[in-house]
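Reader: I am new to this structure and would be grateful for a close look at a single part of it. Please begin with one residue, proceed to what surrounds it in the chain, and then place that part within the whole.

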Amino acid sequence: MERAVRIAVVGPAPEPLLGDLRGLPLQPEVRQFQGLYGDTEALTRFQPDLLVAALSDDVPESIGALRLLRSLWPSLGVVLVAVPDRELAMVPAARRLGAQLLVFPGKPGQLAAVVEQALLGSNRPRADVFVDLAHGIADEINNPLQFVAGHLQLLHAGCDPARERDRRDQVRSALDGLLRIQASVDRLRLLSQAANGPRRHDPLDLGAMLGEALAAGTDASAELPGSGTCVVPGDREQLRAALEAVVRFRDAVRSLGAAASLALEPIERGARLRLVASGGGLVAWRLPRTFEPYYPSRILRGHGHGLDLFVAQTVVLGHGGQATARVQPDGSLRLDFVLPA
């Protein structure tokens, strides 16, 4: 059985933060400590995987203590907590430490995303930077896309089916290509919506929804739960998009000659969808870059699935869940998407 992630919260952290950390679906072990100096021995005994620091007004002294702690404990992930009006002031301190910066309170899913990024030691920008980028790209593309689509539809309608059959077919092919582009734009828009959390909280049967996603994929085999139910509250449109994205990604990985399996099962506080993959081009896929947008496209060239994991991650985090990626001792990759019940 896997050991729960240990999180040490140091300093005057707001009480809701402690509750939110303990409420994460993967149930980390969370313990609060008063300071870096007086509780050094207790911290060492606790052996945390992650240190969440709510710094006092004496930031330089606290930064020095954290740098010393990290030099003695290189694998320790560090998160600095800032209230919204101190975010910019805390950015230099986070950079000096190589730490993640958590603005609390923040958007839905931000806490789980920052925790996972700190545990993996990733130095990429925060996920909301990519969400904002996706929204901007969608807005930039949409208007010219609609303009071109309108003209092509007029051309298609004006072609004589009898005398201009070839030309009509060519315009139809161009329209089909625009529909694929529009689908990508719609997924970019979904990302920006999902980052703000579900619009509805309907009870949804994930097993049934996964079955529908599998039926639409290229391989309908999956290990669905043999007992128990996987009903979670959420937004049907967003969760359907996430499940379809995971299935598409699994199918694309299999097309490379790699092994990939899906399993959905109920857990104590919700439901977990697990994807395990090994072999093929995955040997070149190195964590902690697993959930970086577009990165998987380097091993899936020509498949057009660079957004799939990012869509799944954003939807799951927005629903208050967790999305984690781990390399297993046998070299396989395990991706877990956990939704709270």
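**A loop residue and the elements around it**

Author: Q47 has a relative accessible area of 39%, and it is therefore partly exposed, since this class lies between the limits of 20% for buried and 50% for exposed. The model is a predicted one. Q47 is placed in the loop between α2 and β3, the latter covering residues 50-53. Although Q47 is not a glycine, its phi is positive, at about 55°.

The helix on one side of this loop, α2, comprises residues 40-46 and includes F46. In contrast to the partly exposed Q47, F46 has a relative accessibility of 3% and therefore counts as buried. F46 also takes part in the one aromatic pair that the structure holds. A pair of aromatic rings is described by the distance of the centres and the angle of the planes. The ring centres of F33 and F46 are 5.8 Å apart and the planes meet at 50°, so this pair is classed as tilted; the tilted class takes in angles that are neither under 30 degrees nor over 60. The two partners are 13 residues apart, and the pair links distant parts of the chain, with F33 in strand β2 (residues 29-33) and F46 in helix α2. F33 has 5% relative accessibility, and for that reason it too counts as buried.

From F33 the view passes to strand β2 itself. β2 pairs with β1 in the parallel sense, over five bridges. Within this pairing, I7 stands opposite V30 of β2. Strand β1, residues 6-10, is mostly covered, with four of its five residues buried.

Other parts of the chain may be set beside this one. Strand β11, residues 333-340, contains D336. This residue counts as buried because its relative accessibility is 4%. The side chain of D336 makes a polar contact of 2.7 Å with the side chain of R274. Apart from neighbours within four places in sequence, the residues in contact with D336 are R272, L273, R274, Q322, A323 and T324.

Helix α9 covers residues 236-255, and its 20 residues should span 28 Å at 1.5 Å a residue; the end C-alpha atoms are 28 Å apart, so the two values agree. At the N-terminal end, D235 caps α9, with a side-chain oxygen 3.0 Å from the backbone nitrogen of E237. Just after this helix, G257 has a positive phi of about 95°.

Helix α6, residues 127-158, holds L154. With a relative accessible area of 64%, L154 is exposed, because that value is over the 50% limit. The C-alpha atoms of L154 and V171 lie 9.8 Å apart, and the two residues are 17 apart in sequence.

As to the whole, the chain contains ten helices and eleven strands. Of its 341 residues, 47% are buried. Among contacts with a separation of 6 or more, 66% are between residues 24 or more positions apart. The accessible surface of the chain amounts to about 17,000 Å², and carbon and sulfur atoms account for 53% of it.

How values were computed: Residues numbered from 1 in each chain as written. Predicted model: local features only at pLDDT ≥ 70, side-chain atom pairs only at ≥ 80, totals over all residues. Heavy atoms only, no water. Helix = DSSP H or I, 4+ residues; strand = E, 2+ residues; numbered from the N terminus. Buried < 20%, exposed > 50% of the residue type's maximum accessible area, 1.4 Å probe, protein only. Polar contact = N/O pair within 3.5 Å; in protein donor to acceptor, adjacent residues only side chain to side chain. Contact = heavy atoms within 4.5 Å. Phe/Tyr/Trp six-rings, centres within 6.5 Å; stacked < 30°, edge-to-face > 60°. Expected span 1.5 Å × (residues − 1). Areas by Shrake-Rupley, 256 points an atom, 1.4 Å probe, with all protein chains shown as cover. Pairing = 2+ DSSP bridges.
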